[in-house]
Structures are given as C-alpha cells and as structure tokens.
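Work through the exercises below with the sequence and the three-dimensional model side by side. Try each task before you read its solution.

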Amino acid sequence: MADFGGDIDAFRTEVRDWMEANYPAELRKEDGGQAMTEAMMGMPPSAAAKLWRQRVGEKGWGVPTWPKAYGGGGLSQAEARVVQQEMGRIGANNPIQGMGVMMFGPTLLEYGNEAQKQQHIPSIVKGELQWCQGFSEPGAGSDLASLATRCEDKGDHYLINGSKIWTSGAQFAQWCFCLVRTDTTKKHEGISFILIDMASPGVEVRPIQLISGNSPFCETFFTDVKVPKENLVGPLNGGWTIAKRLLQFERNSLSGGGGGAAMRMMFGAGSLDDMAKKYVGTDDKGRIADGDLRSRLTQHLMDTKAFTLTLMRAAAESKGNASPSAATSIMKNAGTKVGQDRAELTLEIMGSQGLGWEGEGFAPDELGAVRGWLGGKATTIYGGSQEIQSNIISKRILGLPDPASAQH
C-alpha cells in the first residue's frame with residue numbers, strides 16, 4: 001500500500017474502487033443479515049462468500065492494521081477505519097473472522113517468536129485455518145488459574161493429559177491455543193501457553209448441543225498428546241500473563257471494538273424501526289402503531305448510539321495504540337447488554353413469526369432471529385462473565401479494595 005502522506009480522501013477513493021471491483025455481485029443481492037443468519041443455522045458459505053474471503057485475505061484488509069510482513073494490511077488506524085466504513089457502505093461483512101483474528105493473532109504478534117509468527121499469522125490473515133481456545137475446564141471456569149491439564153517435559157517434546165470444556169468451534173478447528181499446567185507447586189506461576197495441532201493422536205472432541213440447536217461448544221480431551229517443544233509460546237510457566245492479555249483482546253472484540261463485523265454480529269443488520277413498521281404497522285402519522293414499543297425502541301436506539309459513539313471516542317483517544325486495556329470490561333458489559341436488548345425487541349416485534357424453529361411459514365431472517373436470541377444469552381458469560389468484568393472494573397479501573405481484604 002502506498003504512503004498517502006495523510007491524504008485519507010485519496011486512500012478512500014482507492015478503497016472504494018477496490019470494493020466496487022471485488023465485492024461479488026451475488027452477495028450484493030442478499031440482505032444485510034442473511035450471511036449471519038446462515039452462519040447461525042450452520043449453513044456452509046456460498047461460492048461467492050468464499051471468493052470474497054479469498055480476495056480480502058490476499059489484500060490483507062481482513063486485519064488491516066496487522067504487519068505486512070505477515071500478510072496483514074499494514075495500515076494506520078485511520079486507514080483501517082476507512083476500510084471498515086467502505087465495507088459497510090457497500091453492504092459487505094469482513095469475511096476474515098474467528099478466534100485467530102479476535103484474540104490469538106494479536107496475542108501471538110506480541111508474545112510469539114519470529115518462527116511462530118511466520119508459521120501461523122499468514123494463514124489467519126487469509127482465513128485459511130480455524131483456531132479454538134483451550135482455557136476453561138470442568139473444575140476451572142471463573143477460577144481459571146485452577147486448571148489441571150498437565151503438560152510434562154519429556155525431553156524432546158511435551159506430553160499433555162487432561163480435558164477442556166466449552167471449547168468453541170473445536171470440531172472445526174485445525175489448531176488450539178491452550179493453557180496447561182507445567183508446575184503443580186504454584187498456581188498462576190505454574191501455567192504455560194502452548195499450541196496444539198488438533199490432528200495430533202490423542203485429541204478427542206465431543207460437541208455439546210445447546211438450546212439454540214447449534215453445537216458451537218465442545219468437550220475436548222487430551223490423552224498422551226505429544227506436542228513439539230517449539231509450540232510453547234513465551235517462557236515456561238509464563239502463560240498466565242499471556243492469557244490475561246489474550247482475554248483483553250477477546251473482550252475488546254466481543255464489545256464491538258473489533259470493528260464493523262463485530263458490531264453487526266452483536267447488534268444485527270437492518271433497521272429495527274423499519275422492521276417494527278413492517279410487522280406491527282403504523283398509525284395515521286406514519287409512526288409505529290404501538291406507542292409503548294415505540295418508546296422502548298427509541299430508548300434502545302439511543303443506548304446503541306451512545307455505545308457506538310463511546311467506542312469511537314475510545315478509539316480516537318487511543319492515539320493510534322490499538323491495544324486494549326482493562327476498559328474493555330466496561331465495553332463488554334455495556335455492549336452485550338445492548339445486543340441482548342436488541343434480540344429481545346426483535347422477537348417482540350416479529351411476534352409469533354419470531355418464534356419459529358423450522359418450516360416454510362418462516363423466512364430465513366425470522367428463523368435466524370430466534371437462534372440469535374437464544375445464542376445471545378451466552379454473551380454475558382463467555383469471554384468472562386458480567387460478574388468477572390465487574391470485579392475487573394472495580395479493582396483495576398475504580399481502584400476499590402478487594403472485598404475479602406477489606407474485612408480485615
């Protein structure tokens with residue numbers, strides 16, 4: 001990418017021309033929420049969607065601020081916002097998504113060695129491989145540092161035994177970034193961060209079916225899994241520091257700070273106002289007929305706008321530093337609340353049409369709405385529950401004393 005010397009208008013023209021030339025015509029015919037609905041229902045991407053992913057991946061614009069040395073766009077924050085805005089203008093989603101983009105890639109760019117970056121970052125940039133997260137265990141959820149999955153040094157390799165729970169997308173992933181215990185005499189200081197090839201002998205994945213009908217989460221078992229020594233990220237027993245950083249990236253993405261695609265996934269596509277007029281009808285002044293719904297919808301739109309402006313302000317105040325901070329906990333709590341409120345309003349607006357599970361009597365967006373509503377209940381749990389985020393806000397932002405220590 002040429003250096004535009006701060007001429008953002010010239011860059012915008014180039015981005016717009018590229019979008020017009022490369023965004024597949026077939027995708028322009030779809031409504032804004034169709035891709036998300038199909039993904040929620042477990043449908044494979046279309047040929048046009050695959051082509052769009054390939055083109056954006058080759059351009060590096062799926063992760064526009066990542067270094068060009070690893071295939072990223074190498075853009076400034078201002079240029080990245082232009083790419084995001086022009087994707088939104090043409091009605092496109094960022095097709096380069098997943099845990100590799102949300103959390104693992106940024107973490108590896110900070111803590112990985114050069115060989116690890118060269119091996120893993122390019123495939124993330126192009127959306128060629130999927131990653132899953134091996135953190136939570138049956139006995140280590142909110143108290144993650146209690147994890148017990150063992151990683152033993154066997155000389156020329158590590159040997160891993162244990163299990164993980166709620167491993168999102170493990171049945172589709174080729175790689176797993178995993179927290180393991182390498183020292184049983186210490187808690188936080190006995191944890192390491194390691195990369196596991198999911199095709200390794202001894203790895204077993206069992207999907208968990210949820211109330212939404214999908215199985216995005218899995219149980220993952222490791223039985224005498226051999227892992228090369230070079231797959232250790234950072235120092236031995238230094239995994240907790242890396243994990244905390246990764247979780248900041250995850251919360252930043254879940255709050256909507258990851259950009260347009262994250263915002264669409266949380267807040268949906270299309271206008272709730274137009275939807276309400278379609279399903280509920282209008283009065284003689286052209287307003288939504290139900291006055292109470294109209295009032296609550298207005299409040300929700302105000303909350304959404306305030307949240308969006310707050311994200312924009314936070315990005316501007318970062319002055320080019322894209323790294324998230326403890327403030328992502330505030331954004332995650334606020335953002336997931338707004339997203340869940342939208343899902344509730346959507347079903348209320350659709351009425352009985354928003355309660356369909358299958359059948360010809362329901363449109364794809366109606367079937368997607370109920371699945372999104374059910375699946376969205378998890379957003380206040382994964383990535384750290386609301387209670388965990390509130391503790392972080394209390395201690396690291398407000399500087400309040402720990403309740404346990406305050407009693408003494």
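**Exercise 1.** Decide whether Arg251 is buried, partly exposed or exposed, and find the helix in which Arg251 lies.

*Solution.* Begin with the scale, on which buried means under 20% relative accessible area, exposed means over 50%, and partly exposed is what falls in between, all with a 1.4 Å probe and protein chains only. Arg251 has a relative accessibility of 9%, so it counts as buried. Next, locate Arg251 in helix 8, which covers residues 239-257; helices here are DSSP runs of H or I with at least four residues, strands are runs of E with at least two, and both are numbered from the N terminus. Finally, compare sequence with space: Arg251 and Ala327 are 76 residues apart along the chain, while their C-alpha atoms are separated by 9.4 Å.

Before going on, note that this is a predicted model, in which local features need pLDDT of at least 70 and side-chain atom pairs count only at pLDDT 80 or more, whereas totals for chains, interfaces and linings use all residues. Residues are numbered from 1 along each chain as its sequence is written, and side-chain values use heavy atoms, with hydrogens and water left out.

**Exercise 2.** Describe the protein as a whole: how many helices and strands does it have, and what percentage of its residues count as buried?

*Solution.* The secondary structure comes to 15 helices and eight strands. Of the 408 residues, 44% count as buried. For the contacts, where contact means heavy atoms within 4.5 Å, take those between residues at least 6 apart in sequence: 69% of them join residues at least 24 apart.

**Exercise 3.** Describe how helix 1 packs against helix 4, giving the angle and the distance of their axes.

*Solution.* Two packed helices are described by the angle between their axes and the distance between the axes. Each axis is a line fitted to C-alpha atoms over the stretch in contact, and angles run from 0 to 180 degrees between N-to-C directions. The axes of helix 1 (residues 8-22) and helix 4 (residues 47-59) come within 11 Å and cross at roughly 150°. Helix 1 is therefore roughly antiparallel to helix 4, since angles under 35 degrees count as roughly parallel, over 145 as roughly antiparallel, 65 to 115 as roughly perpendicular and the rest as oblique. On the side of helix 1 the contact is made by Glu14, Trp18, Met19, Ala21 and Asn22, and on the side of helix 4 by Trp52, Arg55, Val56 and Lys59. Sorted by class, these residues are five nonpolar, one polar and three charged, where Ala, Val, Leu, Ile, Met, Phe, Trp, Tyr, Cys and Pro count as nonpolar, Asp, Glu, Lys and Arg as charged, and the others, Gly among them, as polar.

**Exercise 4.** Repeat the analysis for helix 12 and helix 13, again stating the angle and the distance of the axes.

*Solution.* Helix 12 (residues 328-350) and helix 13 (residues 364-375) pack at an angle of about 140°, with their axes 9 Å apart. That angle makes helix 12 oblique to helix 13. Helix 12 contributes Ala343, Glu344, Thr346, Leu347 and Met350 to the contact, and helix 13 contributes Asp365, Glu366, Ala369, Val370 and Trp373. By class, the contact has six nonpolar, one polar and three charged residues.

**Exercise 5.** Find how many disulfides the structure has, and explain why Cys151 and Cys218 are without a bond to their closest cysteine sulfurs.

*Solution.* A disulfide is a covalent bond between the sulfur atoms of two cysteines, and the test applied is a pair of cysteine sulfur atoms within 2.5 Å. A search of the whole structure finds zero disulfides. For Cys151, the closest cysteine sulfur is that of Cys178, at 8.8 Å, which is too far for a bond. For Cys218, the closest is in Cys132, at 8.0 Å, again too far for a bond. Cys151 is buried at 4% relative accessibility, and Cys218 is buried at 0%.

**Exercise 6.** Place Ser163 in its strand and say which residues Ser163 contacts.

*Solution.* Ser163 is found in strand 3, residues 157-164, and is buried, with a relative accessible area of 19%. Leaving aside neighbours within four places in sequence, Ser163 is in contact with Glu137, Pro138, Thr149, Thr220 and Phe221.
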